[in-house]
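Visitor: I would love a close look at one part of this model, the surroundings of the ligand. After that, please carry on to whatever else catches your eye.

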Amino acid sequence: MIEKNFSIRVIGCQMNVHDGDKLRGELLSRGWREADDENGADFVVFFTCSVRERAEQKAASEMGKFGKKWKKSRRPCLAFLGCMAARVGSAMARKFPWIAVTAGPAHIGLVPDAMDRALETGEKFIAGSGTDVAGSISCAPKSRGNPHKAYVTVANGCDQFCAYCIVPYVRGRFASRAPEDVIGEARALVRNGAAEITLLGQNVDAYGKDFDGGGRGRFASLLDGVSSIDGLRRVRFATSHPSDFTDDILDVMRDRPNICPSINLPVQAGSDRVLREMNRRYTKDEYVSLVRRIRAALPESSITTDLIVGFPGETEEDFEESVALFEELRFDLAHTAAYSPREGTPAASRADQVPPAERARRLVKLNGVQTEISRKINASMVGRTYEVLLDEPSPKGEGLLQGRTATDKVVLVRAPLEMAGAFRAARVIGSGPWCLEGELV
Ligand code: SF4
């Protein structure tokens, strides 16, 4: 049997990280070995993202760099996976012949066989760009990048069709997994050492809407079931959609101390006109009211958001409403981005695009406002003690471990590597906008 080595690179969201873990586990169970670095790999697997043009350009440029080496030795071959592959897989495989396998998220189950065949017979595999699921990989990854944390997908795809978003076209329609499958997988992960589980979906709050007689409230009951698993220390979930987030989710969070009080609630714009044109299905006032209800129910919670500046037709007044919303709601953190037209979405063909320089200016201004808010919120935590799950070495320096509070704040502490995976109390002794410095107590 020939030795087969692979290496995985993930660009993009937690869904890709999770798919990467699943593929890694499947390949290892088939006798593949994970190479120490890409230089020793027969296959380099790219999980790519389509949400922004820049992420696609970066992936294309990184994949292009392998051409020189491949032309000399026919190694490594590339597997081009993820949302970008669903969009432009076959075109890229024609451009870069070193791409031997390409498949979007719906076809990832076909990839292990395709990689085997590519090495053994040289056969190429170009999956169609459809979103109907084909093939499968056992859902619980057999190996995880981080042994202390695990992801469990609760639903695939999305039915919201926000005007700027490519996800429904590349990940397909919304489809919830059966609750017993989700809970069973989470239970197996806990038995296997996971202390923290994150429930994943493009819109987790819509969980179960697609079941017969499906309606609101199914996610709350799933959350209740998962958080009841013996030995599970922390449960998180992402991503929430304001129009599907129901108050019974807050009731379960209040009752279950192991559900982390940390909610990512993308607002996307601060102006009702822009929200309407984005097809977000809520108004600014409804969003503000939801944030107030969350804070009333869970006073220690952290709330993060996502916001796009420069959506087509966004005026200076619309933009200033986004700034005002940030100042009013004081999010713990915000993932902001300049609008990036994605071909095939309704917003991309609009004639009233905001010029790129103006989008960039708005982004800088909004980020400046948010940075100061995050800095002040984090500074207010200095002197307090939090339980932190220490989980991996920090890239910020030798001897530092990185961990997270229940509210998902990053804390860096000086601690030995053997402590990774432990829950420890840490007193915050320093802060910046993006992370905290702590000492073990
Ligand atoms: S909710 Fe909107 S932004 Fe989020 S994945 Fe679905 S379509 Fe995209």
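Guide: Happy to! For sorting the residues, Ala, Val, Leu, Ile, Met, Phe, Trp, Tyr, Cys and Pro count as nonpolar, Asp, Glu, Lys and Arg as charged, and the others, Gly among them, as polar. Please keep in mind that this is a predicted model. With that sorting, the shell around the ligand has 6 nonpolar residues, 4 polar ones and no charged ones. The residues that surround the ligand are C158, Q160, F161, C162, C165, V167, P168, Q202, N203 and H241.

From there, let us turn to the strands. Strand β4 spans residues 77-82, and 6 of its 6 residues are buried, so the strand is largely enclosed by the rest of the structure. Strand β3, residues 43-48, pairs with β4 in the parallel sense over 6 bridges, and here F46 stands opposite F80 of β4. β4 also pairs in the parallel sense with strand β5, residues 99-103, over 4 bridges; in this pairing L81 is opposite A103 of β5. The loop between α3 (67-73) and β4 holds P76, and the peptide bond that joins R75 to P76 is cis, with omega about -5°.

These strands lead us on to helix α5, residues 111-121, where V111, P112, A114, M115 and A118 are buried. Those residues cover an arc of only 165° around the axis, which puts them on the same side of α5. Among the elements that cover the buried residues of α5 are β3, β4 and β5, together with α1 (14-29) and β6 (125-126). The face of α5 turned away from that buried side carries E120 and T121, which are exposed. G122 follows α5 and has a positive phi, near 80°.

Helix α12 makes a good companion to look at next. Its 14 residues, 316-329, reach 20 Å from the first C-alpha to the last, close to the 20 Å expected at 1.5 Å a residue. D318, F319, E321, S322, L325 and F326 are the buried residues of α12. They cover an arc of only 150° around the axis, which puts them on the same side of α12. An α-helix has 3.6 residues a turn, so residues three or four places apart point the same way. The buried residues of α12 pack against α10 (272-277), α11 (284-297), β13 (302-309), β14 (333-338) and α13 (356-379). On the other side of α12 the exposed residues are E316, E317 and E328.

A few backbone details round off the tour. Most residues other than glycine have a negative phi, and most peptide bonds are trans. R330, just after α12, takes a positive phi of about 45°, although R330 is not a glycine. R330 sits in the loop between α12 and β14, and because it has 13 C-beta neighbours inside 10 Å, it counts as partly exposed. D408 is another residue that is not a glycine yet has a positive phi, about 75°. Its place is the loop between β16 (400-404) and β17 (410-414), and with 17 C-beta neighbours inside 10 Å, D408 counts as partly exposed. Finally, a cis peptide bond joins A238 and T239, with omega about 5°, and T239 is found in the loop between β11 (234-238) and α9 (247-255).

Note on methods: Residues numbered from 1 in each chain as written. Predicted model: local features only at pLDDT ≥ 70, side-chain atom pairs only at ≥ 80, totals over all residues. Near = placed C-beta within 6 Å. Helix = DSSP H or I, 4+ residues; strand = E, 2+ residues; numbered from the N terminus. Expected span 1.5 Å × (residues − 1). Buried ≥ 20, exposed ≤ 12 C-beta atoms within 10 Å, placed from the backbone. Arc of directions from axis to C-beta. Contact = placed C-beta atoms within 7 Å. Pairing = 2+ DSSP bridges.
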